[in-house]
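Please open the model in your viewer, with the sequence panel alongside, and follow the stops below in order.

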Amino acid sequence: MNISTSFDDTTAYTNTDQHFVFSDQEKDFALKAKQEYEKGMYESCLKTLNKLLESCPDDPKVLFNIALTEYSLSGFQKTDQFRSSLQKIADKLRCNLDVVETLEDTDHCAIFYSTAVILYHMKQYKEALTITEKLFRFMEPTEESLSWKICMLLIELDLCTFQPENALAVLMHAEKNLNYRLNPPTLENSSAETNSQQDPVVQPQQINLNFREEKFEHIKMKISLYKIRCFLMLKSLRVCRKELKQLSTLNMSSPILSYLRANFEYLKENYQRSLKIITTQINHNEKTLLEIGVSLQTVFYNNLGCIHYYMRKYCFGAFYFRKALTENNRVLMELNKVQSNGISGKPLIALSSNRKYDILYNLGVQLLFEREPYAAFECLIEVVRLYHTNIRLWLRLAECCIQAYKSSNDDIFKLEEKLKCVSKTIGTGPYHKLVLGNCNKNSKQISQTTDTSTSSNSTTTNNNTSQSSSTPPPQQQQQSLPNNTVVSCSMEFAQLCLRNALALIPNITDTDLQKEEVKLYPSPPSNPIRATEMICLKCSILTASAYVSLCLNDYQSAYSYSSTLLKETRASAGHKYLARLYLAESLLVLNKIDQSLAQLDPELVKTDQDLSFKIPLTSSNIIDKEEKLESQESLPEAKVELFSWLPREARVGQAIFVNLFGKTQPAHSFQLKFYLDLLDGNRQRLQVLLKEHFGHMTTNKTFMVRTNQLNSSTPLSTQVQLSSSQAPMTSSSASILNKLLL
């Protein structure tokens, strides 16, 4: 649940300190200008500053104050003009705002701080963070009001870049200084400590008497709110509960605190409590967009969608996400009524008010779980243009393509699919024959590609039209990118998405796993990824890559992805189970039957723990069964006789099917039963099977089964073709007999 907050202080304050010696009249002008600026009397302040400029021409600080006042007078809308004024002032100070290394003096702090704030509102967080970190080094000699603003901005940027540990370190520094301001040491204590070495963090500059105590209380409240946000990002709920209790004693009511409480209950999975806080304790019409920088209505509907998503009410979640998009579009239309060039014409605080792509990401994931892959694909393909380094996003796009290709295995158990096993009859009487069909939609394309070549390159290009029977209308399937490239929700595009995701996966070491609580990988617009989550994400990408390669008849790539996943010692048992299935299927098509059977050893799956997707935290223990499999692959010649599957052992396959499926059997299992009975020479059992399940196409007379089209001396691998798995969670194999005459 994304909670957006606004940065109250948009620019640096009016600085009246000068290096030069001013007359009493000039000091009065400077003091008067500052008071008028703080009261919001910008026109009077500008006139006073112009009088001051006459006596101090080309003074950088006076010029900065004039530029800041003019910017405030425009409602903080003429951002381009203000930035150009800052650059001119920087030239006079012999520094460059684009090069942070030129920040070498306290006189540069005001213009660099204003630049960092503008970058923050433009969502250029990394650039703003680089400037603010350099400004943080000048906090001691800098004027106190500006130093507190630099500190608050640094905390906000650390949170925006998902670095809560760094934000907590800055908060400790700020809290220590704040306690010193609120409880200054007495003269006796200060004189007694003059000769002792003191912490440089506690060393303050001279206290500004004009800095009122109420501002310290306001800063204390903001520090508490920032600490809660850090603990929520770190998921340290116990410490977060204490901070929330401390704030509740102050009777403070604000939308930000209410959203933090709702977020706390949300992370505790108390969704009903979180929903109650959002709907009853927050007045979403209390503040406008120009006051806090974000539409509360947009945030409200987006958070409702997130809560209903985790409550598994996907239809309600999609409804609220669409309402959030509508509200966001309404806000943008109001802001776009004014003609603007560049970023000018809009208030600075409203530059980051667009939440379109964040909501589209949430809606896309919601629709994906709602089993609407094409609608989810349309949402996520727009998001990936902006967040192209998001690993999760590429995986979600691939999952949309996989779900569009085959949403589940329910179809293979339907009666319509079973009837496709026998396509038609030929002749009458003693010449009556049955033509076996093919229940696999893509078997024709698979057979064509595998006959021409077994290499990955040729088989991939020949399967471009394999999904033609299940594709939606063109307007639902194709999307155009800014470079006029048309993409479609297909398995070929899923393969590209998975390759991008694998290329973005960082290298996770065991040290990173031990520091899981502090190691976060930013993944905007979604939540940051922890180290163990990154390993699970990598395993999921490898699993999906192996499945997609099988569907595209790229068996060599499927073999490579599955082998890589099995070598990952930190992978879960469930991922390795799927990897063995996909590896066995690719090995079988590559005519390595002995190695394929080794991967299908029933001893590898005994309990539910062998199918668990829980990631082990350590990689010290290596399963002995995996070592056995590697030894079998290293010496395949010595195991050939043990794994030879001859026609005389075909009844073993029949027993497997009866025990596995019982009465409810997938459609392609009948095809394999036909083949096993023919290999076993049991024509009577084949006749009974046909009459029991396909009696409407058989005669009452007994008939003989012609097996002249099957050569028992031919190797099995040249007669049987294994179809690719039809869903990412199962791997099903069927022998294809296109035109077997009975």
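A residue is called buried here when its relative accessible area is under 20%, and exposed when that value is over 50%. Please keep in mind throughout that this is a predicted model.

**The whole chain**

Begin by showing the protein chain as a cartoon, in which you should find 34 helices and 6 strands. If you then colour by accessibility, buried residues make up 50% of the 742 residues in the chain. Among the contacts with a sequence separation of 6 or more, 67% join residues that lie 24 or more positions apart.

**First stop: K227**

Select helix α10, which covers residues 213–234, and within this helix pick out K227. Is K227 buried or exposed? The relative accessible area of K227 is 14%, which is under the 20% cut-off, and K227 therefore counts as buried. Now display side chains around K227, setting aside its neighbours within four places in sequence, and you will find K227 in contact with L171, E175 and E243. Of these partners, E243 deserves a closer look, since the side chains of K227 and E243 make a polar contact at 3.2 Å.

**Second stop: L360**

Move next to helix α17, residues 356–369, and select L360 there. With a relative accessible area of 7%, L360 is likewise a buried residue. Which residues does L360 touch, once those up to four places away in sequence are left out? They are L325, C379, L380, E382 and V383. You may also wish to draw a C-alpha to C-alpha distance from L360 to A376, which should read 9.0 Å for two residues that are 16 residues apart in sequence.

**Third stop: the pairing of α19 and α24**

Finally, select helix α19 (residues 391–405) together with helix α24 (residues 491–504), and orient the view so that both axes can be followed; the two helices pack at an angle of about 160°, with their axes 8 Å apart. Because angles over 145 degrees count as roughly antiparallel, α19 and α24 are described as roughly antiparallel to each other. Their crossing is left-handed. Showing the side chains, you will see that α19 contributes I391, W394, L395, L397, A398, C401, I402 and Y405, and that these meet M491, F493, A494, C497, L498, N500, A501 and L504 of α24. Sorted by class, this contact between α19 and α24 has 15 nonpolar residues and 1 polar residue, with no charged residues.

Notes. Residues numbered from 1 in each chain as written. Predicted model: local features only at pLDDT ≥ 70, side-chain atom pairs only at ≥ 80, totals over all residues. Heavy atoms only, no water. Axes fitted to C-alpha atoms, helices over the stretch in contact; angles between N-to-C directions. Helix = DSSP H or I, 4+ residues; strand = E, 2+ residues; numbered from the N terminus. Parallel < 35°, antiparallel > 145°, perpendicular 65-115°, else oblique. Left-handed = near helix turned anticlockwise from the far one by under 90°. Contact = heavy atoms within 4.5 Å. Nonpolar A, V, L, I, M, F, W, Y, C, P; charged D, E, K, R; others polar. Buried < 20%, exposed > 50% of the residue type's maximum accessible area, 1.4 Å probe, protein only. Polar contact = N/O pair within 3.5 Å; in protein donor to acceptor, adjacent residues only side chain to side chain.
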